[in-house]
Amino acid sequence: MTTSSYAVLALLSLRPWTGYELTQQAARSLRYAWPKSERLLYSEPKKLVELGYATARTEQVGRRTRNLYEITDAGREVLSSWTLSPPSPPQFEAEPLLRLLFADIGTVEDLRAALDTFDADTRALHAAVLEVMRGYLRGEHPFPGRTHLSVLFGTFQLELFTLIEEWVAFAQREIADWPTTRDIGMTERVELITRIISEGGSVLNHPALAAPPVKETTRPSATVER
């Protein structure tokens, strides 16, 4: 059993689902905390059936058949045990940050484009969660008795999206005058940022960083920017 297994089993604890319905519900909820489970939604139910934690029965819908998955008593027991175990440490997965970490392979324009995409994708997710929250006010929660959990879950996502949007704006300002992504090193500006964060401060809206960065210069290098 992986974390994705438990995530799918937790959905089955709410009600029986078809494979398609599981993907729809995952897009509404799991993707904001455990996106890995989305890629496994067609294989995990079958795995749970093999383990005896779920059952599957075939239904005829018009000319098509579909499998309906339902949790078993053994599944509910193992799910209860899961809630008693300590969760694994949080992990944050964002390819734009990986692009930033290795930005010296490309150009400033490449990095700027990656950050723009990061911002646009985050704003799209932000808008989607806001619409879900507005739907709750219209009484559209599929499981009304769980609204308190979903809303508290949503607050984390919305605060995270806001933080990402503010950080992207900060990062874009910092790289605005970079002549290259290579060999800039520990400038006065970078040292100031390092001191702020090493002392537990935040660079977002920090008064010492209010002035625009001084145009960075690079040390002589044999490398030619592509």
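The exercises below deal with a predicted model and go from its sheet to single residues. Local features need pLDDT of at least 70 and side-chain atom pairs count only at pLDDT 80 or more, while totals for chains, interfaces and linings use all residues. Residues are numbered from 1 along each chain as its sequence is written, and side-chain values use heavy atoms, with hydrogens and water left out.

**Exercise 1. The sheet**

Find the strand order of the sheet and the strands at its edges.

Step 1. Strands (E, at least two residues) and helices (H or I, at least four) are DSSP runs, numbered from the N terminus. Two strands pair if DSSP finds at least two bridges between them.

Step 2. The sheet is open, has 3 strands in the order S1-S3-S2, and its pairing is antiparallel. Strand S1 (17-18) and strand S2 (54-61) each have a single partner strand, so they are the edges, and one side of each has no neighbour in the sheet.

Step 3. Between S2 and strand S3 (residues 64-71) there are 8 bridges. Thr55 has Glu70 in S3 as its bridge partner.

Step 4. Across S1, S2 and S3 lies helix H1 (residues 3-14), at about 95 degrees to S3. For this angle, axes are lines fitted to C-alpha atoms, for helices over the stretch in contact (heavy atoms within 4.5 Å); angles run from 0 to 180 degrees between N-to-C directions.

**Exercise 2. A residue in H6**

Decide whether Thr122 is buried or exposed, and list its contacts beyond four places in sequence.

Step 1. Buried means under 20% relative accessible area, exposed over 50%, and partly exposed in between (1.4 Å probe, protein chains only).

Step 2. Thr122 is in helix H6. Its relative accessible area is 4%, so Thr122 is buried.

Step 3. With neighbours within four places left aside, Thr122 contacts Phe161, Ile164 and Glu165.

**Exercise 3. Positive phi**

Place Asp183 and Asn205 in the chain, and give the phi of Asp183 and of Asn205.

Step 1. Asp183 belongs to the loop between helix H7 (147-175) and helix H8 (188-198). Its phi is positive, about 55 degrees, although Asp183 is not a glycine. Asp183 is partly exposed because its relative accessibility is 35%.

Step 2. Asn205 lies in the segment after H8. Its phi is also positive, near 60 degrees, in a residue other than glycine. With 69% relative accessibility, Asn205 counts as exposed.
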